[in-house]
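Student: I would like to work through this protein with you, one question at a time, and I would like each answer to show its reasoning before it arrives at a value or a name.

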Amino acid sequence: MKICNTCGTMNDDMNMSCTTCGSAFPMVQPQMGYGQPVMGEQPQMGYGQPAMGEQPQMGYGQPAMGEQPQMGYGQPVMGGQQQMGYGQPVMNVQSMGAANKSKKGIIIAVVIILVVVIIAAVCIPMIVKAQKEKKAKELLAKEKKEVEELIEKSVKAMNDGDSEYLASVSPDFLDYTKDDYDETFEYLEWMGFEIELVSIEEVEKMKAEDMDDLVEEIEDYYGEEVDIEKAYTAEVTAEITLSYEEYSESDESTEDFICIMLDGEWYVYQGIM
């Protein structure tokens, strides 16, 4: 209610003048509460609220009006690639890193393959050569052993008078039969012949050119064409004893044996008797 200062009449708050005396009520500006603007003034905004006609002030991490929002650490910028936190790659960088790793893997694989190929190209021929040499040595040792055994048995057969064995290890072109050896042993027995093997030394494989000479010699002397597959020479030392009645004499004798292979079989070409 309003009280008229002139006549003291009570008036409604909405009246602009006194209903009794007509006196005008003075104009009073309303008192605004906290945060309400005085009439005719821009309202005062609370903390964080913009004044009238101003852009609102955004809180920490909030964009101003009309601006792109500023993203927090580890948040993507609007319309852009996501900005990753510490230790996190940007999406494009991550893709590039994966591609680089893939390329590196391919390069490493190619290098390894090249190294393996180079090693194989160098080592395989060496390995093959070494294996061939090993087999050749093993074969040579085997053949030498076979030749030595042939000589040992032949010397023993001479001492024992085994004409059958001696005839079997004599090549056909020599034309030495069992009967021929029997006749020889009859004479040696009368002489008191004994033979004992002492040593077999310098067992060597005959070279190709020497074998050719040997073949030519056989063809010229015996009139036979022979195909000698292999040939070995050896120095054989034996102790020979001759005893006749009261006479007896022993002496060592060294002979050059030649053993040849014909049709896969070993024969004594020179050295027997």
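Student: Which residues form a nonpolar patch on the surface, and how much accessible area do they have together?

Tutor: This is a predicted model, so what follows describes computed geometry. One member to look at is Val-122, which is placed in helix α1 and counts as partly exposed at 48% relative accessibility. The nonpolar patch is formed by Ile-106, Val-110, Leu-114, Ile-118, Val-122 and Met-126, and their accessible area together is about 590 Å².

Student: How many helices and strands does the secondary structure come to, and in what order do the elements run from the N terminus on?

Tutor: The secondary structure of the protein comes to four helices and six strands. Read from the N terminus on, these elements follow the order β-β-α-α-α-β-α-β-β-β.

Student: What share of the 273 residues is buried, and how much of the accessible surface belongs to carbon and sulfur atoms?

Tutor: With buried meaning under 20% relative accessible area, the buried residues make up 22% of the 273 residues. The accessible surface of the protein comes to about 20300 Å², and the part of this surface that belongs to carbon and sulfur atoms is 53%.

Student: In which sense do strands β3 and β4 pair, and over how many bridges?

Tutor: Strand β3 covers residues 194-205, while β4 covers residues 230-244. As a point of reference for the pairing, Ser-199 stands opposite Thr-237 in β4. The two strands pair in the antiparallel sense, and the number of bridges is nine.

Student: How many bridges join β4 to β5, and which residue takes a positive phi in their hairpin?

Tutor: Strand β5, residues 247-262, runs antiparallel to β4, and 15 bridges join them; Ala-234, for example, has Phe-257 in β5 as its bridge partner. The hairpin of β4 and β5 has two residues between the strands, and the residue with a positive phi, near 50°, is Glu-245.

Student: With which residue does the side chain of Thr-241 make a polar contact of 2.8 Å?

Tutor: Thr-241 has its place in strand β4, and it counts as buried because its relative accessible area is 14%, where the limit is under 20%. Leaving aside residues up to four places away in sequence, Thr-241 touches Gly-192, Phe-193, Glu-194, Ser-248, Glu-249 and Ser-250. Within that group, the residue whose side chain is joined to that of Thr-241 by the 2.8 Å polar contact is Ser-250.

Student: How far apart are the closest N and O atoms in the salt bridge between Glu-143 and Lys-230, and why does the pair tie together parts that are 87 residues apart in sequence?

Tutor: Side chains of opposite charge can pair when their charged atoms come close. In the salt bridge between Glu-143 and Lys-230, the closest N and O atoms are 2.1 Å apart. Glu-143 lies in helix α1 (residues 91-160) and Lys-230 in strand β4, so the pair ties together parts with a sequence separation of 87 residues. As for its surroundings, Glu-143 is buried, with a relative accessible area of 2%.

Student: Which residue forms a salt bridge with Lys-156?

Tutor: Lys-156 counts as exposed at 53% relative accessibility, and its partner is partly exposed, with a relative accessible area of 45%. The two are four residues apart in helix α1, so about one helical turn separates them. With the closest N and O atoms 2.7 Å apart, the partner of Lys-156 is Asp-160.

Student: Which residue meets Lys-178 in a salt bridge?

Tutor: Lys-178 is partly exposed, with a relative accessible area of 38%, and the partner, which lies four residues away in helix α3 (residues 178-190), is about one turn of the helix from Lys-178. The N to O distance is 3.2 Å, and the residue is Asp-182.

Student: What is the phi of Asp-175, and is the residue buried or exposed?

Tutor: Most residues other than glycine have a negative phi. Asp-175 lies in the loop between α2 (163-168) and α3, and its phi is positive, near 60°. Since its relative accessibility is 56%, Asp-175 counts as exposed.

Key:
Residues are numbered from 1 along each chain as its sequence is written. This is a predicted model: local features need pLDDT of at least 70, side-chain atom pairs count only at pLDDT 80 or more; totals for chains, interfaces and linings use all residues. Side-chain values use heavy atoms; hydrogens and water are left out. Buried means under 20% relative accessible area, exposed over 50%, partly exposed in between (1.4 Å probe, protein chains only). A polar contact is a pair of N or O atoms within 3.5 Å; within protein, one must be able to donate a hydrogen and the other to accept it, and residues adjacent in sequence count only if both atoms are side-chain atoms. Contact means heavy atoms within 4.5 Å. A salt bridge is a side-chain nitrogen of Lys or Arg within 4 Å of a carboxyl oxygen of Asp or Glu. Patches are made of residues with over 30% relative accessible area and no salt bridge: like charges are joined within 9 Å, nonpolar side chains (Val, Leu, Ile, Met, Phe, Trp, Tyr) within 5 Å. Accessible areas come from the Shrake-Rupley method with a 1.4 Å probe; for residues, only the protein chains shown count as cover. Two strands pair if DSSP finds at least two bridges between them.
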